[in-house]
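Hi,

Here is the structure I said I would pass on. Have a look at it first, and then read my notes below.

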Amino acid sequence: MSANRIDRIVSVTPTGETFRPRAIESPAGGSWSWMIPDREVVVRLPPGSDWVLDRHATLAHLVEPDGSIVVWLAVVDERWLEVLLLRCGPGVEVLDPPEWSTLASRAAAAVAAHYV
């Protein structure tokens, strides 16, 4: 697998090569619509979480003076966000939407319950 990332391309040179696109059909029909981001979420990441900017597409971000990062994310699934919040550790918080403000603590409590 190549380590190159399309978002890191600095320049291109035309080669004259062309291709004819082929029609493709989703193997799952219309059921893949869940993969379309349907919610914008604003999260404050604790200092040291800048790896999130390299690994996940963000709509925008702001680095605060204390080293924390506020990121705007397009989220497909609440469970995906839970995993991201857990990986970021203590100090992560969902700023918007308000109904997800306790998502990190609820996810951490659910994980901790497995070890009791």
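Let me start with one residue: Glu-82 has a relative accessibility of 17%, so it counts as buried, the cut-off being under 20%. Keep in mind throughout that this is a predicted model.

What does Glu-82 do with its side chain? It meets the side chain of Arg-79 in a salt bridge, at 3.0 Å from N to O. Both residues sit in helix H2, which covers residues 78–88, and they are three residues apart, or about one turn of the helix. Arg-79 is partly exposed, with 49% relative accessible area, whereas Glu-82 is buried.

Now for the other salt bridges. How many are there in the whole structure? A search finds five.

One of them pairs Glu-99 with Arg-39, with 2.2 Å between N and O. Glu-99 is in the loop between strand E4 (93–96) and helix H3 (103–113), while Arg-39 belongs to strand E1 (residues 39–45), so this pair ties together parts that lie 60 residues apart in sequence. Both ends count as partly exposed: Glu-99 at 47% relative accessibility and Arg-39 at 27%.

Strand E1 turns up again in the salt bridge between Arg-44 and Glu-93, where the closest N and O atoms are 2.9 Å apart. Here Arg-44 is in strand E1 and Glu-93 in strand E4, so the pair links parts that are 49 residues apart in sequence. Arg-44 is partly exposed at 23% relative accessible area, and Glu-93 is partly exposed too, at 33%.

Back to Arg-79 and Glu-82 for a moment: they share helix H2. Elsewhere, salt bridges with shared partners join Arg-44, Glu-64 and Glu-93 into one network.

Last, the helices. At what angle do H2 and H3 pack? The angle is about 80 degrees, and their axes are 9 Å apart. That makes the two helices roughly perpendicular, because angles from 65 to 115 degrees count as such. On the H2 side, the contact is made by Glu-78, Leu-81, Glu-82, Leu-85 and Leu-86. H3 brings in Leu-103, Ala-104, Arg-106, Ala-107, Ala-108 and Val-111. Sorted by class, this contact has eight nonpolar residues, three charged ones and no polar ones.

So Glu-82 shows up twice, in the salt bridge with Arg-79 and in the contact of H2 with H3. That residue is a handy place to start when you open the file.

Cheers

Note on methods
Residues are numbered from 1 along each chain as its sequence is written. This is a predicted model: local features need pLDDT of at least 70, side-chain atom pairs count only at pLDDT 80 or more; totals for chains, interfaces and linings use all residues. Side-chain values use heavy atoms; hydrogens and water are left out. A salt bridge is a side-chain nitrogen of Lys or Arg within 4 Å of a carboxyl oxygen of Asp or Glu. Helices (H or I, at least four residues) and strands (E, at least two) are DSSP runs, numbered from the N terminus. Buried means under 20% relative accessible area, exposed over 50%, partly exposed in between (1.4 Å probe, protein chains only). Axes are lines fitted to C-alpha atoms, for helices over the stretch in contact, and angles run from 0 to 180 degrees between N-to-C directions. Angles under 35 degrees count as roughly parallel, over 145 as roughly antiparallel, 65 to 115 as roughly perpendicular and the rest as oblique. Contact means heavy atoms within 4.5 Å. Ala, Val, Leu, Ile, Met, Phe, Trp, Tyr, Cys and Pro count as nonpolar, Asp, Glu, Lys and Arg as charged, and the others, Gly among them, as polar.
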